[in-house]
Amino acid sequence: MTGSEIRARFLKFFADRGHTVVKSSSLVPHNDPTLLFTNAGMNQFKDCFLGAEKRDYVRACTSQKCVRAGGKHNDLENVGRTARHHTFFEMLGNFSFGDYFKKEAIAFAWEFLTQDLGIDKDRLYVSVYTDDDEAARIWIDQEGIPPERIYRFEEDNFWSMGDTGPCGPCSEIFYDNGPGTGCDSPDCEVGCDCDRYMEIWNNVFMQFDRQTDGTMIPLPKPAVDTGMGLERITNVMQQKSTNYDTDLLRDIIGYIEKLAARTYGDDEEQDVSMRVIADHSRATAYLIADGVLPSNEGRGYVLRRIMRRAMRHAKMLGFEDPVLYQITSFVLDFMAEAYPDEAGRKDFVAKVVQNEEERFIQTLGNGLRILQDEIAKLAEQQQKTIPGETVFKLYDTYGFPVDLTADIVEKDGYRLDLDGFEVCMEKQRKKAREHWKGSGEEAVSAIYKQLADQGVSSTFSGYQTLQDQGEVLSLILKGQPVDEAACGEKVEVICSVTPCYGESGGQVGDSGSMTSDEANLRIIDTSKPLPDLLVHHCEVVTGAIHRGDKVTIEVDHERRMQIVRNHTATHLLQAALQKVLGDHIKQAGSLVTPERLRFDFTHFSPVSTQELQQVEELVNAEIRRNCAVSSREMAADDAMAAGAMALFGEKYGDRVRVVEVGDFSMELCGGTHAKAAGDIGLFRIITEGGIAAGVRRIEAVTGDGALHQVHQQQQMLDQLGRLLKSDPANLEQRLQKVLEHQRQLEKEVQQLQAKVNADLGGDLLDQVQEVDGVKLLAARIDGSDGKQLRELSDQLRDKLQSGVLVLTGECDGKVPLLVAVTKDLTKKIAAGNLIKPLAEIVGGRGGGRPDMAQAGGKDVSQIDQLLAAVPQQLAALLNKG
C-alpha cells in the first residue's frame, strides 16, 4: 500500500462517516500571530474550536501540510540522522466541532487501524492522560483493550497548539515495531525514547482554551482533534526501518541518486546527505509555493536555514552547480496528485530556489575566506580555539553547520569554542522571540470573539452605496462592552449594516461620519477583526450614542474615491508587471491608502528604467481604454480555472469575489474599486527597489497625486535649469560639462595633496623615535580624513622601511586614527591590537589587518593624550609578544 493510497483511504473512511474533506491550508498560518508555520492539522480550525467561526459542517477530515523546524523535538541538525525526524510532513486528521467526543473518536481510530488497514491488534498499545479515567474505561469496555496495555502519562498526554489556545488531554496509539528495533533494555516499554514503540495516532480531546496567564477556560463545546503522521503510518504499512525507506521519500532519494551518480546505502555519510536533501526539498518546495521567501528574519530566515543546509549537503555529495531547484521541481510533480495547486507554481519555486543557490555558492566562498583568515590570525597568536563568535557568524550568516566548521578545522588541530557559540545562539533566539510578529496580524481581541459567539455580525453594503442606515449592536469602550458613550469619548461601534470598508487585504479602512437622533460621531477608521465583524473606531462629537440606536453611516466620499483609484491601479500594475517581466511575478504584499499604493512582488533582479517605463505605459494605456471594472461571486475552483490571480498562500473560502478590469486583469479581491479604469486618471511610478531576497517593491500614485508628482518634477527641472543656467532641453548636456569640470578640479586637488604629503612626510620623519628597537612615528595631522591619512601612511612606510606609524588629528569635529606596521614587524605586533586601546582614549573603536588598522573617535580633547600613550602601549605589546 503506497503512501498516496493510505492518504486517500483515510479521507474516504472519514468522508463515509459524515466528515467533510477539507483541503490542506497554507503552511503560513492566518489569523494566528502565535505560530511560525502550520504545524498541525487543527491550525486552520482553531477559531472553530474557540467558537469564533461557524462553518456549514461539524465534522471534518484533512491531509495537512506541516512544517516544524525548531524546538525540543525538531532540531534541524537531527533531520537526516534519525529514522523519523522531518521538517516537512503530512498530518492526517479527523475533527469534531462540538459533535462527537471521546467515545466516537476512539472507535473511529481503532476501526481504521485494525479493520481498514488491517494492523494486528496485538502490536498496538494506547496511552491516556494520567487522570483521564473516562478515556481509559472506553478503551477497556468499548474496544476490549486489556488494562495492562494502557499507559498513563502526564506531560506527553496533554496537548496544546502553543502557549495559548485550544488544549486538552489526549490518548495516543502506539505500534510495536518488535524486538531488535529499539534499545533492547529489559525495562523497555511504551514511553521509552527508543524506536520500538512508535506513536502513530493522537486523539486530542479539546476541552479548554489556555489564556496568556495560563488559566484554562472550558470551550463552548468539547471537540476532537486527531492526528496521524502519514510518514509514520506508511512506515508501519510498508514495514520499513525508517521513514526515508517508504515510497513517500525513497522516490525522491532515488532522483537524488540519479543526479549525483551515487548509490544510496553505499556510504552512511552520503546517505545522511541524501536524506537531508530529500526532506529539506519538500519543506523548501511547499514553503515557497505557499508564499514564504528566503530572507534574514522570521519565516524567511527559517526557510533560508533549511535551504542552505540542503545546499551544503549537496556540495558534500559533489554537486558544484545549483541542483536543489531541480529536486524541488521533482517533489512538486511527484506530489501533484495530493497538492495540484502547488504543482502549478513549480516554475516559480524553481526560480526562487535557483536564485538562492547561486547566492549561497558565493556566500559559501566568503565564509570559507573568513574561516581561513581566523585560522591565520590564531596561528600568529599560537592559539588553537576558534572563537564562539566566529563559529556563530559562520552558522548564522553563511549557513555553515557547526559540524561542518569542525570538520574543516579539526584536520589542522583546531577546536571550536562551543560554549561561546551557545551564548551567541541564545542571544539570537532571544532576539528572534522579541522580533517575531507571527503571521503579521494582530491577535483578535477576546471581546470580538465574545461578540461573535453571541451572534453579533455586520453586513457590508459599501460595494453598492456610500451611505446606509443600521442599528448599533455593540459599543466597546476601553475594551469593555458598554450601553452608551458620551460626548468626547472614543468608542468602537458595531452596526448591523455599514458601507464602511474594514481594513483588510492591504486596503486601509474607511473613515466618515455616523449620526443618530441625538449624536454625531466622527469615524476615524474601520477595522475587520473577524470575517463578519466590522468595527467603526469613532469619536463622539456631540450628544451620546446608545446601544440599539438607529444610525446613518456615511463614508468620506473623496477619501474612498482616492482609495479605489489606487486599488484598481494596483490590479493593473500586477497585470502589467506580468506582461513585461514574466509569469513568475506574484504579489508578496500590498498597501492601498488614499495617498499612494505600494506593491511588493517576487522578482530576482532590479527592474530596469526601460522596464518600469513599459509597465507605466501599459497601465496608462489601460486607463485610457477606460474598460469597465466588474465584480462577481463564483466558486473558488471555477475562478482559478478561469485564470483569476490569487495571492498565493492566502486563505480563500469556497466562494470568492472576482474583480475584472476589461480583458486586462482578473483577480480574487474583496476590496473596493473604481467603476471604470478611466476613473484612475493618471498612473505614475515613484520608486522601485528591493526589500528582501527575491522581493521588489513599487510605490506609485494616481489621479491628483500623480498630477502633483508631474508638477513637482517639472518645477525641479526648472529650478535645476536656473541653477545651471540652461533650459530643460539642454540640461543633461550642461550637467555633464559641470561634472567633467568638477572631476578635473578634484584631480588637481589630489595632485596638490600628494605634493603636500610629500613635503609633510619629510618633516614628519624628523619626529621618529625608537621603542625597544622598533622605529615609531606618532604624529598629529589636523584636517585630514581617513582616506588622506591612508595615502600619507603609504608614503611614510616606504620612507621608514621598518617601523610603526600612528597618525591622528582633528577633522570636522571627529578623530580619525590610523596605525600602520611594516610587513617585517607584523609577526611581532598587529596593527589591530595597537589601535584598540588607543581608540578607546578618544571614545572610539576600530580594527583591521595586521599591517594596517583604522578607527574613529569623538573626543577631540584627548588627541594629545592618545599620542602620549603610544610609546607605552607599543612597548607593552612588544614585551608581551
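A residue counts as buried when its relative accessible area is under 20%, as exposed when that area is over 50%, and as partly exposed in between. The legends below use these words throughout, and they describe a predicted model.

**Figure 1. Thr234, a buried residue of helix H5 in the predicted model.**
Thr234 belongs to helix H5, which covers residues 230-238. Its relative accessibility is 0%, and because the limit for buried is under 20%, Thr234 counts as buried. A polar atom of the Thr234 side chain lies 2.6 Å from the backbone oxygen of Leu230. When neighbours within four places in sequence are set aside, Thr234 is in contact with Gly3, Ile6, Thr246, Asp247 and Leu248.

**Figure 2. The whole protein, shown for orientation.**
The secondary structure comes to 23 helices and 35 strands. The C-alpha atoms fill a box of roughly 100 × 80 × 55 Å, taken along the principal axes. The protein has 881 residues, and buried residues make up 50% of them. Among contacts with a separation of 6 or more, 69% are between residues 24 or more positions apart.

**Figure 3. Helix H19 and its buried face.**
Helix H19 runs over residues 703-724 and has 22 residues. From its first C-alpha to its last it reaches 32 Å, close to the 32 Å expected at 1.5 Å a residue. The buried residues in H19 are Gly703, Ala706, Gln709, Gly721 and Leu724. Seen down the axis of H19, these buried residues fall within an arc of 135°, so they line one face of the helix. Asp704, Gln715, Arg722 and Leu723, on the other side of H19, are exposed. Just after the helix, Lys725 takes a positive phi of about 55°.

A general point helps in reading both this view and the next. An α-helix has 3.6 residues a turn, so residues three or four places apart point the same way.

**Figure 4. Helix H21, from its N-terminal cap to the loop that follows.**
Asp785 caps the N-terminal end of H21, with a side-chain oxygen 3.2 Å from the backbone nitrogen of Lys787. The helix covers residues 786-800, has 15 residues and reaches 20 Å from its first C-alpha to its last, close to the 21 Å expected at 1.5 Å a residue. Leu789, Leu792, Ser793, Leu796, Arg797 and Leu800 are buried in H21. They cover an arc of only 140° around the axis, which puts them on the same side of H21. Gln801 comes just after H21 and lies in the loop between H21 and strand S32 (804-808). Phi of Gln801 is near 70°, a positive value in a residue other than glycine. With 64% relative accessibility, Gln801 counts as exposed.

**Figure 5. Asp772 in the loop between strands S30 and S31.**
Strand S30 (769-771) and strand S31 (774-780) are joined by the loop in which Asp772 lies. Although Asp772 is not a glycine, it has a positive phi of about 50°. Its relative accessible area is 52%, and Asp772 is exposed because the limit for that class is over 50%.

**Figure 6. Gln469 in strand S13 and its surroundings.**
Gln469 lies in strand S13, which covers residues 467-477. It is partly exposed, with a relative accessible area of 48%. Apart from its neighbours within four places in sequence, Gln469 is in contact with Val497, Val551 and Thr552. Thr515 is 46 residues from Gln469 along the chain, and the C-alpha atoms of the two residues are separated by 9.6 Å.

**Figure 7. The second largest pocket and the elements that line it.**
The second largest pocket has a volume of about 1,000 Å³. It is lined by 27 residues, of which Lys377, Glu380, Gln381, Ala830 and Asn833 are the closest to its centre. Five elements each supply at least two residues of the lining: helix H11 (346-380), helix H12 (388-398), helix H22 (831-841), strand S34 (845-848) and helix H23 (863-880). H11 gives the most to the lining, with six residues.

Definitions and conventions. Residues are numbered from 1 along each chain as its sequence is written. Side-chain values use heavy atoms; hydrogens and water are left out. Helices (H or I, at least four residues) and strands (E, at least two) are DSSP runs, numbered from the N terminus. The expected span of a helix is 1.5 Å times one less than its number of residues. Buried means under 20% relative accessible area, exposed over 50%, partly exposed in between (1.4 Å probe, protein chains only). The arc is that of the directions from the helix axis to the C-beta atoms. A polar contact is a pair of N or O atoms within 3.5 Å; within protein, one must be able to donate a hydrogen and the other to accept it, and residues adjacent in sequence count only if both atoms are side-chain atoms. Contact means heavy atoms within 4.5 Å. On a 1 Å grid over the protein atoms alone, a cavity is a set of points where a 1.4 Å probe fits but cannot get out, and a pocket is an open set with protein on both sides within 12 Å along at least five of seven lines; lining residues have an atom within 4 Å of a point. Grid points are joined across faces, edges and corners, and a volume is the space filled by probe spheres set on the points.
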